Amino acid sequence: MVMTLKNSSNNSEKPVGVIGIGSFGTAIANILAEKNNVIVYARKQEIVDEINHQHSAEGRSLHQSITATTDPQTLCETCEVMFPVVSSSGFKDVMKKFAPFLHPYHILIHGTKGLVLNLPEGKNLDNVSKIHRENIWTMSEVIRNETVVVRVGCLAGPNLAKELAKGQPAATVVASRFNEVILEGQRLLRSDRFQVYGNQDIIGVELSGVLKNTIAIASGALAGLGLGENAKGLLISRGMVEMIHLGNALGGQTQSFVGLAGIGDLVTTCSSTFSRNYTVGYRLAQGETLDAINDSMDEVAEGINTVRLLQTFLEGTGMRAPITENLYKVLFEGFKVEDALYYLMKYPFNVDIDFL
């Protein structure tokens, strides 16, 4: 069911906000700036100064109409529509920082592909052995639980930041329970080179973007071992099944996982050296340690935390997800990449698809 709220003001002439200015945030800000004035929020004053004086962010070029601020209040008072694009590890803290200045008339469409752990004070994955669905928040759930914002959306799809930055053709999905959020996202973002589709299953679209990251790590590891396209085809098809299996358990609808935000993003990130998660798997297979890989990466590979969180979820529910389980062993228990992949080759395929 599509939900509708009446918007009391005309926001068509207002600047659009972008919260976070990493590689994807920069790409989204530039796309928005083709038709809108854009204000971005960054924590560091030196980045804000670089944006305002040099029209770049850590060396990445920005449109001339983009300005920046370190003040959440300024962004919230100036913009009615904002795109939070920060890492999942910092997302909850950022929303808490913005919460005092947000109102029900704001629209937030996030572009973060990760999950947040919701546990009592003092509890974390180091001192709990089991978690359940109520302990896992998607980014839209973080926004709704930490702020008064009602109209929340999600941006997901095969959107590699480096390709978007070059202006190469791409498409994305804006998902929301509210039709005006989808329409506003399409109005702001759509261009001849960037198609924007809509979906009311926001949880399914969010989970699609999250779960494909784990499969992308496995695909990178497969490439790092020098295995071929046949093996990749097996992995992607098995990964698609596992995404649907886990996604349904976490509240997503199957249709979302077989759409652009699901299989479209899965195929892209499982095949591209531009994908941070793919790169992690590749480098692991080449013999590097996870600590060394993390230390050398400019931005977070969200799939690493997702694997750890999902493994704890699996232990709490008794579900099986062989790719996730074996990735956890590789990432956190010293299991050899080649042993994990060969185990998956032997795992009965029909067992995974009985639920479809």
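1. How much area does the chain expose, and what share of it do carbon and sulfur atoms supply? The exposed area is about 15,300 Å², and carbon and sulfur atoms supply 49% of that. Accessible areas come from the Shrake-Rupley method with a 1.4 Å probe, and for residues only the protein chains shown count as cover.

2. On the basis of the model: it is predicted, local features need pLDDT of at least 70, side-chain atom pairs count only at pLDDT 80 or more, and totals for chains, interfaces and linings use all residues. Residues are numbered from 1 along each chain as its sequence is written, and side-chain values use heavy atoms, with hydrogens and water left out.

3. On confidence: pLDDT (the predictor's confidence in each residue, from 0 to 100) has a mean of 91 over the chain, and 94% of the residues reach 70 or more. Residues 1–11 stay under 50, and for them the model has 22 contacts beyond four places in sequence; contact means heavy atoms within 4.5 Å. Over residues 351–356 the pLDDT is also below 50, and that stretch has nine contacts in the model beyond near neighbours in sequence. Where pLDDT is low, the predicted coordinates should not be read in detail.

4. On overall form: the chain has 17 helices and twelve strands. These are DSSP runs numbered from the N terminus, with helices being H or I of at least four residues and strands E of at least two. Along its principal axes the C-alpha trace spans about 60 × 45 × 40 Å. The radius of gyration is 20 Å, which agrees with the value near 21 Å that a compact globule of 356 residues would have. That radius is taken over C-alpha atoms, and the globule rule is 2.2 Å times the number of residues to the power 0.38.

5. On burial and contact range: buried residues make up 55% of the 356 in the chain. Buried means under 20% relative accessible area, exposed over 50%, and partly exposed in between (1.4 Å probe, protein chains only). Among contacts between residues at least 6 apart in sequence, 71% join residues at least 24 apart.

6. On charge: there are 31 positive and 37 negative side chains, and the centres of the two sets lie 2 Å apart. Lys and Arg count as positive and Asp and Glu as negative, while His and the chain ends are not counted. The place of a charge is taken as NZ of Lys, CZ of Arg, CG of Asp or CD of Glu.

7. On helix H7 and strand S7: H7 covers residues 179–189 and is mostly covered, with eight of its eleven residues buried. Among the buried residues are Val181 and Glu184, as well as Glu180 and Gln186. Both Val181 and Glu184 are touched by Ile107, whose other contacts beyond four places in sequence are Glu80, Val81, Met82 and Arg151. Ile107 is found in strand S7 (residues 107–110) and counts as buried because its relative accessibility is 2%. Ile107 and Val181 are 74 residues apart in sequence, with their C-alpha atoms 7.0 Å apart.

8. On Ile143: this residue lies in helix H5 (residues 139–146) and is buried, with a relative accessible area of 0%. Leaving aside neighbours within four places in sequence, Ile143 is in contact with Phe91, Met95, Leu108, His110, Val149 and Val152. The C-alpha atoms of Ile143 and Lys96 are 8.9 Å apart, and the two residues are 47 apart in sequence.

9. Which phi values deserve a look at His55 and Glu58? Phi of His55 is near 55 degrees, positive in a residue other than glycine. His55 sits in the loop between H2 and strand S3 (56–57) and counts as partly exposed at 22% relative accessibility. Phi of Glu58, also not a glycine, is near 50 degrees. Glu58 is in the loop between S3 and strand S4 (60–61), and at 52% relative accessibility Glu58 counts as exposed.

10. On two further helix positions: Asp49 is in helix H2 (residues 45–54) and is partly exposed at 32% relative accessibility. The C-alpha atoms of Asp49 and Phe313 are separated by 43 Å, with their positions 264 residues apart along the chain. His245 lies in helix H9 (residues 229–249) and is partly exposed at 24% relative accessibility. His245 and Leu125 are 120 residues apart along the chain, and their C-alpha atoms are separated by 23 Å.
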